[in-house]
Amino acid sequence: MKTGLVVDGDYVYEEEKHLTVLKTSLFFANDGFTVYDCKGQLVFRVDSYGPDPRDKAEVVLMDAHGRCLLTVRKKRPSLHHRWEGFLGERTEGQKPIFSVKRSSIIGRCGMTVEVFNNPGLEYQIEGNFGQRSCTIFNAAKESVAEIKRKVDASTNVVLGKDVFLLSLKPGFDGAFAMGLVLVLDQINGGDYVENDEAEMIPTTED
């Protein structure tokens, strides 16, 4: 078993991989995503149904052909914003393959990820997803994936937060990493809009 495999071995790469993640709607937080590789080929997609993301208890990650790879679902009731991941399209009674919870309720983006099919395998997510600056660490505190702002190579300009990079270290499951991005987006979605306004226009008051 590949050490970084959680969801799908097709997305465990031998070399470092940089994926471009694009939010497919700017009108509401937590809408959809399309994910492309460096050649512009579609890798993943997440569709949104309805304008209010809080009405959606589940988010489904699909491959380029629409096959369901992973379902992430908020566990209710949950004190620490616990989310769970299920292989494929979740069915009633299915057991999760991983869970994500806040390391601290007050923390901006301190998350603990527990993988159930590999006992003892844990990851930590540190940083600020609202600013598109997060790192996923394994138990040895080695970086296995990063979320960061995307820079236009031709103009050297930092692009908006609706476009960002997901950088994967060799051997880490890209489908699993994108599932963690979906959880972070769901948890931080409301903060994303508020923080963006505060950053762009710090003197404006509601």
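L61 in strand β4 has L70 in β5 as its bridge partner. That pairing belongs to a run of five antiparallel bridges between β4 (residues 58–63) and β5 (residues 68–74). The two strands make a hairpin with four residues between them, and G66 in the turn takes a positive phi of about 90°. Keep in mind that this is a predicted model.

On we go to the next strand. β5 also pairs with β6 (residues 83–87), again antiparallel and again over five bridges. Here T71 has F86 as its bridge partner. A little earlier in the chain, β2 and β3 pair up too, in the antiparallel sense and over four bridges. In that pair, V35 stands opposite F44.

Here are the three pairings side by side:

| Strand pair | Bridges | Residues facing each other |
|---|---|---|
| β2 (residues 33–36) and β3 (residues 42–46) | four | V35 and F44 |
| β4 (residues 58–63) and β5 (residues 68–74) | five | L61 and L70 |
| β5 and β6 (residues 83–87) | five | T71 and F86 |

So what do these strands build? They are part of a closed barrel of 12 strands, running from β1 through to β12 in order with antiparallel pairing. Neighbouring strands in this sheet are turned by 20° against each other on average, ignoring direction. The whole protein chain comes to 12 strands and one helix, and reading from the N terminus the helix follows the strands.

That helix matters for the inside of the picture. Helix α1 (residues 174–200) gives the most to the largest nonpolar core, with 10 residues. The core itself has 46 residues, and those with the most contacts inside it are F44, F98, F176 and M178.

F44, the residue opposite V35 in the β2–β3 pairing, has a long list of neighbours. Leaving out residues up to four places away in sequence, F44 touches Y11, L19, F33, T34, V35, L61, M62, D63, L69, G174, A175 and M178. L61 turns up in that list, and L61 is the residue paired with L70.

Next, the aromatics. The count comes to six aromatic pairs. One of them joins Y123 and F172 edge-to-face, at 5.3 Å centre to centre with 70° between the planes. Y123 sits in strand β9 (residues 122–128) and F172 in the loop between β12 (163–168) and α1, so this pair ties together parts that are 49 residues apart in sequence. Both Y123 and F172 are buried. Together with F98 and F176, they form one aromatic cluster. F98 and F176 are also among the residues with the most contacts inside the core.

Two loop residues have backbone angles worth a look. R132 has a positive phi of about 55° although it is not a glycine, and R132 lies in the loop between β9 and β10 (133–138). K141, also not a glycine, has a phi near 65° and is found in the loop between β10 and β11 (143–149). Which of buried or partly exposed applies to R132? R132 counts as buried because its relative accessibility is 1%, under the 20% cut-off. K141, at 47% relative accessibility, counts as partly exposed.

Finally, some totals for the protein chain. Buried residues make up 44% of its 206 residues. The accessible surface comes to about 10900 Å², and 52% of that belongs to carbon and sulfur atoms. Among contacts with a separation of 6 or more, 38% are between residues 24 or more positions apart.

How values were computed. Residues are numbered from 1 along each chain as its sequence is written. This is a predicted model: local features need pLDDT of at least 70, side-chain atom pairs count only at pLDDT 80 or more; totals for chains, interfaces and linings use all residues. Side-chain values use heavy atoms; hydrogens and water are left out. A nonpolar core is a set of buried Ala, Val, Leu, Ile, Met, Phe, Trp, Tyr and Cys residues joined through side-chain atoms within 4.5 Å. Buried means under 20% relative accessible area, exposed over 50%, partly exposed in between (1.4 Å probe, protein chains only). Contact means heavy atoms within 4.5 Å. Two strands pair if DSSP finds at least two bridges between them. Axes are lines fitted to C-alpha atoms, for helices over the stretch in contact, and angles run from 0 to 180 degrees between N-to-C directions. Accessible areas come from the Shrake-Rupley method with a 1.4 Å probe; for residues, only the protein chains shown count as cover. Rings of Phe, Tyr and Trp (its six-membered ring) pair if their centres lie within 6.5 Å; planes under 30 degrees apart count as stacked, over 60 as edge-to-face and the rest as tilted.
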